[in-house]
Amino acid sequence: MVDSDSPRVTPATVDDVDPITDLWIALAEGQRAHGSTLLAEGNRAAVREWVARSVVTGELFVARDGGADEEHDGSREDPIGFVGFALDHGGYERDRTRGTVSNLFVVPERRGEGIGTDLLDAAERALREAGAETVALEALAANDRAREFYADRGYETHRVELTKSLAAGDGADDDDGDDASD
């Protein structure tokens, strides 16, 4: 018997486009603390387009509380988390079919309840069914909680991205740290 109060993961619908866009904005705002350079509100239109496209392609799942079910009482709970996923069509030939997981998010007050695990499991199942043999995802280097979450679920470091600021006054153009007037 399934606990009717436990969160459930389902494919996102058109009704979820605006609520998931709002959740993505919250995700982007939170990632700034870990060094993300993405602008939250500045990407609203692009994210809304991604969400809508992902609803159509079936590449977006939402978690919502299990208590309300539109078949029973006509209401629909807003999402408390979401995950995007897709087969990688990056243009390079690979020896394995790769899927990607993107934008896994659970509202902060519901973290630690297994919702993120349920979302990730659902995305992995969908990718496996679509033919993926491996799954790739990204986490910010400074986001220890996310990196630990993924490591606990079998994800290993595969690639490391390095960045460098080119902003004036941060020493980026000094090659030896000495004053530029030498």
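Helix α4 covers residues 115-129, and for its 15 residues a rise of 1.5 Å a residue leads one to expect a span of 21 Å; the C-alpha atoms at its two ends are 21 Å apart, which agrees with that expectation. This is a predicted model, and the description that follows should be read with that in mind. The buried residues of α4 are I115, G116, L119, L120, A122, A123, E124, A126 and L127, and they pack against β1 (8-11), β2 (60-64), β3 (81-87), β4 (98-106) and β5 (134-136), as well as against α5 (144-152). Just after the helix, G131 adopts a positive phi of about 110°.

The setting of this helix becomes clearer from the chain as a whole. The protein chain holds 5 helices and 5 strands, which follow one another along the sequence in the pattern β-α-α-β-α-β-β-α-β-α. Of its 182 residues, 31% count as buried. Among the contacts in the protein chain with a separation of 6 or more, 63% come from residues 24 or more positions apart.

The strands form an open sheet of 5 strands in the order β1-β2-β3-β4-β5, and their pairing is mixed. Because β1 and β5 stand at the edges with a single partner strand each, one side of each is left without a neighbour in the sheet. Neighbouring strands of this sheet are turned against each other by 25° on average, direction ignored. As a general point, strands of a sheet pair through backbone hydrogen bonds, either parallel or antiparallel.

Strand β2 is a useful place to look at the pairing in detail. On one side, β1 and β2 pair in the antiparallel sense over 4 bridges, with T10 standing opposite V62 in β2. β2 is also joined to β3 by 4 bridges, and these two strands run antiparallel; here F61 stands opposite V83 in β3, while A63 stands opposite G81 in β3.

How many residues of β2 are buried? The count is 5 of the 5, so the strand is largely enclosed by the rest of the structure. In a regular strand the side chains alternate between the two faces of the sheet. In β2 both faces are covered, since L60, V62 and R64 on one side and F61 and A63 on the other are all buried.

Two helices that meet the sheet can now be placed. Helix α2 lies across β2, β3 and β4, and runs at about 95° to β2. Helix α4 packs on the sheet as well, where it touches β1, β2, β3, β4 and β5, and its direction makes about 160° with that of β4.

Helix α2, which comprises residues 44-57, includes S54. With a relative accessibility of 5%, S54 counts as buried, the cut-off for that class being under 20%. Apart from residues up to four places away in sequence, S54 touches E59 and L60; L60 is also one of the buried residues of β2.

Helix α2 has a further partner in helix α1 (residues 17-31). Two packed helices are described by the angle between their axes and the distance between the axes. The axes of α1 and α2 come within 9 Å and cross at roughly 130°, which makes α1 oblique to α2. On the side of α1 the contact is made by V17, D18, I20, T21, D22, W24 and I25, and on the side of α2 by R44, V47, R48, V51, A52 and V55. The crossing in which α1 passes α2 is right-handed.

The last stop is Y150, which lies in helix α5. Y150 is buried, with a relative accessible area of 10%. Leaving aside neighbours within four places in sequence, Y150 is in contact with L104, L120, L137, A139 and Y155. For one of these partners, L137, the C-alpha to C-alpha distance from Y150 is 9.0 Å, and the two residues are 13 residues apart in sequence. Another of the partners, L120, leads back to the starting point, for L120 is among the buried residues of α4, and the buried residues of α4 pack against α5.

Notes. Residues are numbered from 1 along each chain as its sequence is written. This is a predicted model: local features need pLDDT of at least 70, side-chain atom pairs count only at pLDDT 80 or more; totals for chains, interfaces and linings use all residues. Side-chain values use heavy atoms; hydrogens and water are left out. Buried means under 20% relative accessible area, exposed over 50%, partly exposed in between (1.4 Å probe, protein chains only). Contact means heavy atoms within 4.5 Å. The expected span of a helix is 1.5 Å times one less than its number of residues. Two strands pair if DSSP finds at least two bridges between them. Axes are lines fitted to C-alpha atoms, for helices over the stretch in contact, and angles run from 0 to 180 degrees between N-to-C directions. Angles under 35 degrees count as roughly parallel, over 145 as roughly antiparallel, 65 to 115 as roughly perpendicular and the rest as oblique. A crossing is left-handed if the near helix is turned anticlockwise from the far one by less than a right angle, and right-handed if clockwise.
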